[in-house]
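Here are my notes on the model you sent round. I've kept them as numbered points so you can pick at them one by one.

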Amino acid sequence: MGGSAEANGARVPVPPARPFLDTFRGNLKETFFPDDPFRSVVRERGAGRRTLAALRYFFPFLEWAPAYTLGAFKSDLIAGITIASLAIPQGISYAKLANLPPILGLYSSFVPPLVYALMGSSKDLAVGTVAVASLLIGSMLSSQVSPTENPALYMNLALTATFFAGVFQASLGLLRLGFIVDFLSHATIIGFMGGAATVVILQQLKGMLGLNHFTTATDIVSVMDSVFSQTHQWRWESVVLGCGFLFFLLVTRFISKRRPRLFWISAAAPLTSVILGSVLVYLTHAENHGIQVIGYLKKGLNPPSVTSLQFTPPYMMLALKTGIITGVIALAEGIAVGRSFAMYKNYNIDGNKEMIAIGTMNVVGSLTSCYLTTGPFSRSAVNYNAGCKTAMSNVIMSLAVMLTLLFLTPLFHYTPLVVLSAIIMSAMLGLIDYQGAIHLWHVDKVDFCVCLGAYLGVVFGSVEIGLVVAVAISVLRVLLFVARPRTTVLGNMPNSIIYRRLDQYAEAQTVPGVLVLRIDAPIYFTNASYLRERILRWINEEEERSKENGEMGVQYVVLDMGAVGSIDTSGTSMLDELKKILERRGMQIVLANPGSEIMKKLNSSKVLELIGHEWVFPTVGEAVASCDYVLHSHKPGAVRDNPAAHESMV
């Protein structure tokens, strides 16, 4: 059919047919393997070389380790020690946020970074616990199991949720389903993270005010009710101590932002606060005056926790749901942070490979008394500013945490909880990206609504509700883009064969008798009916305008198909129906710039034959020029007789 079309003088040839399996294989590859991850393996000759290439793919450290230098080690040593000073107090703080024993926060900063150093592709990501995931675990698990009444079961469920999260994350990477995370848009993440940060800050009012009992709900109404219903239990000692350390942390952050070379001041501030707070409590015996302290921390490395995982009813489904939701959030944060710093240093990271690495470290972590970890922005930013060169900085941090677990845990006995609350509040204030929200408002109001919906859903509902609202709004927007694609009228730019939008270019002019429409989306079953009605409405509006101005009515409808990447059977049927409708009204449909996939579908469905090969043109300029030539020559077959008519018009 394609050959006959070319023989008849078709301006846009029909591509040769490809076997279905070849087409299917190509589409499958572009969907799941767009980065062609195994090209380095296939290029190698010999089984040994291919095996080594495959190992380098799954264990990126094999790429940089052989060429590792002493200079790089010095940089990684400084970065590793710096992020360790931040990881230790944050680990303890975030474990309390998840309603878990503080020691689990240190455990989670020991094993997972070692796994990531072997399998991660980012040079800058610093692995550890994160506030949002900790809050999610705490809120979702505590809704059914009390962390105070049944702490052992609660901890086991947290480890089980981490296991499920790791399996889910690694599965996404192995099955090449990383594009699922992309449904969490930038606007969604800004709103969700801002809402979660707000909720976390409100939750820390318990520690700042020295309250013993507090609501397990995360919405702002419940938290405020819990705070102001216990005003008689507020302790001024906690308020003064907490506000003092919070002020100190914010000042150090301000200094580091104003002077990036002094990043270490902000990085060391949390550990400094812990040390100062512990010394102050020890010297003044403040624990006897209402200041709550961490208490005893078990000395030693991570104990195995394989037997602690809960794979039996009735709580397995709770752990599974918690693991999947927290796993998606942790993936989105880790990959987004990794890509951001990779862009700064001009290198690429593999999203699917990152999923495998993050998933594996969480599976291994769940078996060694660690709860959910990923790459938090604050710690990774410190790692980046400290001048890290490779993932070895994670190993250095892990070794520092190991020494802490072996020898230094008794020193944290007198650490006041109010200092941990101040550390969390300081870190969370950096996650509220109000400037990003303002930017969304100026650039895209719909994206701002997505951001606001996520924020309000988290703050006034729960973290899960906010996530559902944000994803629902994002998916609705995608569906609207597909179901209601944009169509615009094009006009001719003076003294040229270029056609541009009339609503954008004031100098663009319409061609009497010819209506040029541009379709800005693929034509699918979801939008075929809408496009037919919208095109007919454009025609009616143009007819009314022409009648009012005493101009020639529409004789030709030129559809610019340049932005139509694909079409299904509903789309071809729509063009068939449109052709018949226009014929009854004495009009001719003309196609301009259709792609190869469009030509294949139109040819296979016989729609191309119905429209006529002579009414298909490679450019809008040629299509309009030929139509205009026919109108002025008054010969219905002029296009067929003179296929180069557009040249005379130009």
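1. Why does β5 count as largely enclosed by the rest of the structure? In this predicted model, 5 of the 5 residues of β5 are buried, so the strand is shut in by what surrounds it. The side chains split between two directions: Gln588, Val590 and Ala592 point one way, Ile589 and Leu591 the other way, and all are buried. That fits the usual pattern, since side chains in a regular strand alternate between the two faces of the sheet.

2. Next, the sheet that β5 belongs to. It's an open sheet of 6 strands, ordered β2-β1-β3-β4-β5-β6, with mixed pairing. The edges are β2 (499-501) and β6 (616-617), each of which pairs on one side only. As a reminder, strands of a sheet pair through backbone hydrogen bonds, either parallel or antiparallel.

3. Who are the partners of β5? With β4 the pairing is parallel, over 5 bridges, and one of the matched pairs is valine 557 with isoleucine 589 in β5. With β6, strand β5 (residues 588-592) also pairs in the parallel sense, here over 2 bridges. If you want a spot to click on, alanine 592 sits opposite phenylalanine 617 of β6.

4. Two helices lying across these strands deserve a look. Helix α25 (residues 569-584) lies across β4 (556-560) and β5, at about 140° to β5. Helix α28 (residues 620-633) lies across β2, β3 (514-519), β4, β5 and β6, and runs at about 175° to β4.

5. A smaller item on α26 (residues 596-604): its buried residues are Ile598, Met599, Lys600, Leu602 and Asn603. Do note that a lysine and an asparagine are on that list. Just past the helix, lysine 606 takes a positive phi of about 70°.

6. Now for the overall picture. The protein has 30 helices and 6 strands, and its C-alpha atoms fill a box of roughly 105 × 65 × 55 Å along the principal axes. Of the 650 residues, 51% are buried. Taking contacts with a separation of 6 or more, 78% join residues 24 or more positions apart.

7. On to empty space. Rolling a probe the size of a water molecule over the atoms shows where such space is left. The second largest pocket has a volume of about 950 Å³. It is lined by 36 residues, and the closest to its centre are Lys96, Leu97, Asn99, Thr148 and Lys206. By class, the lining divides into 15 nonpolar, 19 polar and 2 charged residues.

8. Which elements build that pocket's lining? At least two residues each come from α6 (70-97), α9 (131-142), α10 (151-174), α12 (205-209) and α20 (417-429). The most comes from α20, with 5 residues.

9. There are also 3 cavities of 30 Å³ or more. The largest cavity has a volume of about 70 Å³. Its lining consists of Leu184, Thr188, Ile189, Phe192, Met193, Ile329, Ala332, Glu333 and Leu467. Two or more of these come from each of α11 (186-203) and α16 (316-345), and α11 has the largest share with 4 residues. By class the lining has 7 nonpolar, 1 polar and 1 charged residues.

10. Buried or partly exposed: what about alanine 342? This residue of helix α16 is buried, because its relative accessible area is 2% and the cut-off for buried is under 20%. Setting aside residues up to four places away in sequence, alanine 342 touches Tyr347 and Ile349. Alanine 342 and leucine 202 are 140 residues apart in sequence and 33 Å apart in space, C-alpha to C-alpha.

11. Last one: serine 378, in helix α18 (residues 377-385). At 29% relative accessibility, serine 378 counts as partly exposed, because that value lies between the 20% and 50% cut-offs. Leaving out neighbours within four places in sequence, serine 378 is in contact with Leu86 and Gln90. The C-alpha atoms of serine 378 and alanine 126 are separated by 9.0 Å, though the two residues are 252 apart along the chain.

Note on methods: Residues numbered from 1 in each chain as written. Predicted model: local features only at pLDDT ≥ 70, side-chain atom pairs only at ≥ 80, totals over all residues. Heavy atoms only, no water. 1 Å grid on protein atoms, 1.4 Å probe; cavity = no way out; pocket = protein on both sides within 12 Å on 5 of 7 lines; lining within 4 Å. Points joined across faces, edges and corners; volume = space filled by probe spheres on them. Nonpolar A, V, L, I, M, F, W, Y, C, P; charged D, E, K, R; others polar. Pairing = 2+ DSSP bridges. Contact = heavy atoms within 4.5 Å. Axes fitted to C-alpha atoms, helices over the stretch in contact; angles between N-to-C directions. Buried < 20%, exposed > 50% of the residue type's maximum accessible area, 1.4 Å probe, protein only.
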